[in-house]
Amino acid sequence: MDDHESPLLSKESPPSSSSVLVSSLKWILKVVMSVIFVTWVVFLMMYPGSLGDQVLTNWRAISSNTLFGITGSMFLIFSGPILVIAVLASLYLIISGEERVFTKKKISKFPRFRLWTFPVLVDGPFGVVSAAEFLGIMVFSVFFLWAIYAYTLRNLNVLEYFHVLPKNRSIFLLELTGLRFGMIGLLCMVFLFLPISRGSILLRLIDIPFEHATRYHVWLGHITMAFFSLHGLCYVVGWTIQGQLLELLFEWKDTGIAVLPGVISLVAGLLMWVTSLHTVRKFYFELFFYTHQLYIVFVVFLALHVGDYLFSIVAGGIFLFILDRFLRFCQSRRTVDVISAKSLPCGTLELVLSKPPNMRYNALSFIFLQVRELSWLQWHPFSVSSSPLDGNHHVAVLIKVLGGWTAKLRDQLSNLYEAENQDQLISPDSYPKITTCVEGPYGHESPYHLAYENLVLVAGGIGITPFFAILSDILHRKRDGKACLPSKVLVVWAIKNSDELSLLSAIDVPSICPFFSKKLSLEIHIYVTRQSEPRLEDGMVQMVVHPSVKPPRTNGCSMSVLVGTGDNIWSGLYLIVSTIGFIAMITFLDVFYINKYNITTWWYKGLLFIVCMVASVLIFGGLVVVFWHRWGHKTGKVEANGNDKVYLNGEETHNPYAAELKGLDIEEDVQSYTTIRYGTRPAFREIFESLNGKWGSVDVGVIVCGPATLQTTVAKEIRSHSIWRSANHPLFHFNSHSFDL
């Protein structure tokens with residue numbers, strides 16, 4: 001193997017027959033999944049036209065004579081493919097295992113970029129849009145125009161076929177148009193729930209983290225509710241012209257569409273839609289959060305509105321969401337011990353949470369955190385600041401005080417610190433408590449930050465948090481001699497005030513990897529934008545020792561292993577068993593109840609359908625969860641006994657070799673690799689152009705964590721043609737990793 005293709009994160013051994021077999025199976029699975037997905041999407045795109053309608057008619061003629069009838073036929077063609085892909089994806093991840101292979105990129109004479117990450121649009125309503133996302137937007141836009149055009153032609157044909165009288169043509173056409181808008185909304189809803197399944201097997205397959213996929217849910221949600229609103233508006237206008245508005249709005253008939261459940265579903269959807277707008281979500285997050293729980297009302301009454309026949313069109317994505325939601329519920333019921341907590345001089349809080357040794361995660365992961373003393377309902381996302389190599393028994397997060405919830409958490413920690421330092425003896429049982437529950441960790445399936453020889457990490461404010469995990473991960477690998485491709489790392493960090501410099505104390509670079517400069521070229525450029533000159537204490541800000549508090553242990557323990565991004569085998573079994581259970585329950589329901597007693601009520605059959613979806617997850621999926629939990633508890637004990645679990649006053653150490661480092665004269669200090677500039681902002685054009693002279697023609701990964709304005713600024717420079725010409729064609733990898741808290 002030549003110098004340009006040295007493997008990373010792979011065993012250095014010649015390919016064996018088993019590895020060839022695994023590669024072949026993975027290739028076959030990828031081809032099969034791709035064929036199924038493309039065929040399914042093409043059918044959905046064709047469906048509004050006469051050709052798509054003819055395909056569906058022929059399919060129903062072939063398959064509707066089975067046990068499940070016409071509902072089973074619709075479910076199989078609309079929802080079946082995505083469930084089959086999910087099952088195959090779980091098999092693919094099981095075969096792939098936990099290891100990923102990264103190789104050095106051969107230098108190309110031409111610019112190279114990745115569709116998923118290269119920014120194409122940087123200004124506009126969609127924010128920063130990659131090439132693949134732009135392609136998806138164009139496909140959906142063409143589909144919407146095509147669907148409206150095709151349905152309009154079909155509506156005109158229907159008018160001619162039924163010979164509608166001229167005085168009734170406008171009302172009939174209006175109601176028919178409303179029906180078509182509703183069908184387009186259902187076709188959009190096929191994809192609506194797929195991006196918000198946090199531990200989704202599908203997101204893991206294509207390696208798109210949940211926090212990035214949520215934007216797709218937002219886009220689809222706007223489009224879906226727009227078509228559903230037009231659907232309802234057309235009928236309201238038509239019924240008003242006829243003078244039957246109130247009579248028909250409250251209609252709930254057994255055969256056909258039940259109107260009142262549709263009205264309830266639409267009202268719930270409109271409330272979610274209005275409160276999810278950016279302004280409301282930014283300034284009234286709790287209103288958005290609580291209103292969005294109406295999704296249960298929205299989905300249930302939609303099933304009552306259209307019945308099992310039409311609801312089966314969207315059932316696949318909803319079923320996968322229910323699977324993810326139940327697993328998150330099971331994981332979040334466990335209270336998690338807080339090993340230590342402290343407040344940095346800038347006011348940012350650090351929590352170190354207990355985790356089992358058999359829980360795996362990557363740098364750039366995040367968790368959802370609940371503190372029950374503050375709220376039993378609120379969950380907030382926070383980036384993980386610790387590396388998986390920092391220790392087997394803890395996960396650390398940094399929390400910036402931005403709003404009411406984080407301010408209450410800071411006050412709780414202050415009360416705990418005061419209680420620990422009072423002169424009189426106080427029983428620890430009377431200390432203020434911090435009872436936490438955790439969902440996650442979630443994030444990228446593979447550690448893509450290890451796929452580049454050179455990294456540019458751009459952060460704004462608290463966005464530096466995930467970069468601590470990346471730096472720690474790289475330094476641990478360099479120190480331990482593990483495979484690690486990055487050799488040059490540039491951190492560009494923009495902050496408002498110098499108080500935030502204390503965040504650098506969250507990572508002790510020389511302690512993790514002594515004499516790291518011999519193994520890694522690290523530069524940290526800090527831009528303090530709202531100060532023209534340093535304060536006297538800025539030079540000592542990283543030398544401050546921050547006392548930590550150790551909250552009294554609750555009846556909890558470490559984080560639960562019940563997370564969709566955890567063990568591939570158990571998550572795959574959970575999906576497969578639940579899916580089989582759902583099919584079995586539908587079968588028994590049809591045989592022993594619906595067909596036997598000739599149940600024909602549409603809304604009632606829709607209710608039974610959704611009950612079977614939920615019951616199959618609770619019963620069959622719950623059985624897998626029980627065994628999964630026991631397995632995690634058992635293997636966690638085994639790994640804990642087999643590892644050296646080192647604690648200092650109840651807190652796990654971050655460096656198992658700390659004792660050996662005490663006698664070393666560590667030359668590198670913070671100032672040796674840190675440059676601080678005051679009263680200025682990063683000039684990214686100059687920064688990128690200067691990298692060409694330093695690094696030459698090599699691949700560069702650019703990761704951005706910060707506000708939307710920072711992402712847009714960096715994306716513009718990456719997209720700039722002048723940058724491509726002057727940078728000698730490096731490979732840029734753009735990724736957004738930020739949260740609105």
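These are my notebook entries on a protein chain, covering its overall make-up, its backbone and some of its side chains.

**Entry 1. The whole chain**

I began by recording that the model is predicted. I then looked up the secondary structure and found 24 helices and 19 strands in the protein chain. Next I asked what share of the 741 residues is buried. The entry I made was 53%. For the accessible surface of the protein chain I noted about 34,300 Å². Carbon and sulfur atoms account for 63% of that surface. I also looked at contacts between residues at least 6 apart in sequence, and 80% of these join residues at least 24 apart.

**Entry 2. The backbone**

I reminded myself of the usual case before searching: most residues other than glycine have a negative phi, and most peptide bonds are trans. I therefore looked for departures from both habits.

Which peptide bond is cis, with omega near 5 degrees? I found that this bond runs from Gly440 to Pro441. Pro441 belongs to strand 11, which covers residues 436-442.

I then turned to positive phi values. Leu364, a residue other than glycine, has a phi near 75 degrees. I located Leu364 in the loop that lies between strand 7 (349-354) and strand 8 (366-371). Is Leu364 buried or exposed? Its relative accessibility is 1%, so I entered Leu364 as buried, the cut-off being under 20%.

Asn598 also has a positive phi, near 55 degrees. I placed Asn598 in the loop between helix 18 (568-594) and helix 19 (602-642). Its relative accessibility is 58%, so I entered Asn598 as exposed, for which the value must be over 50%.

**Entry 3. Aromatic pairs**

I searched the whole structure for aromatic pairs and recorded 37. I examined Phe75 and Phe582, whose ring centres are 5.7 Å apart. Their planes stand at 65 degrees, so I classed the pair as edge-to-face, a class that requires an angle over 60 degrees. Phe75 sits in helix 3 (residues 69-78) and Phe582 in helix 18, so I noted a link between distant parts of the chain, 507 residues apart. Phe75 is buried, with a relative accessible area of 14%. Phe582 is buried too, at 3%.

I next examined Phe140 and Phe191, which form an edge-to-face pair. I noted 5.8 Å from centre to centre and 80 degrees between the planes. Phe140 lies in helix 5 (residues 131-162) and Phe191 in helix 6 (residues 166-192). The two residues are 51 apart, and this pair also links distant parts of the chain. Phe140 counts as partly exposed at 24% relative accessibility, whereas Phe191 counts as buried at 15%.

I then asked which residues the ring pairs link into a cluster that includes Phe140 and Phe191. The cluster consists of Phe37, Trp40, Phe140, Phe143, Phe144, Phe181, Phe191 and Phe227.

**Entry 4. Charged and polar side chains**

Where does the charged end of Arg198 sit? I found it over the ring of Phe368, 3.7 Å from the ring centre.

Finally I looked up His444, which is in the loop between strand 11 and strand 12 (454-460). His444 is buried, with a relative accessible area of 10%. I recorded a polar contact of 3.5 Å between the side chains of His444 and Asp207.

Conventions
Residues numbered from 1 in each chain as written. Predicted model: local features only at pLDDT ≥ 70, side-chain atom pairs only at ≥ 80, totals over all residues. Heavy atoms only, no water. Helix = DSSP H or I, 4+ residues; strand = E, 2+ residues; numbered from the N terminus. Buried < 20%, exposed > 50% of the residue type's maximum accessible area, 1.4 Å probe, protein only. Contact = heavy atoms within 4.5 Å. Areas by Shrake-Rupley, 256 points an atom, 1.4 Å probe, with all protein chains shown as cover. Phe/Tyr/Trp six-rings, centres within 6.5 Å; stacked < 30°, edge-to-face > 60°. Lys NZ or Arg CZ within 6 Å of the ring centre and 35° of its normal. Polar contact = N/O pair within 3.5 Å; in protein donor to acceptor, adjacent residues only side chain to side chain.
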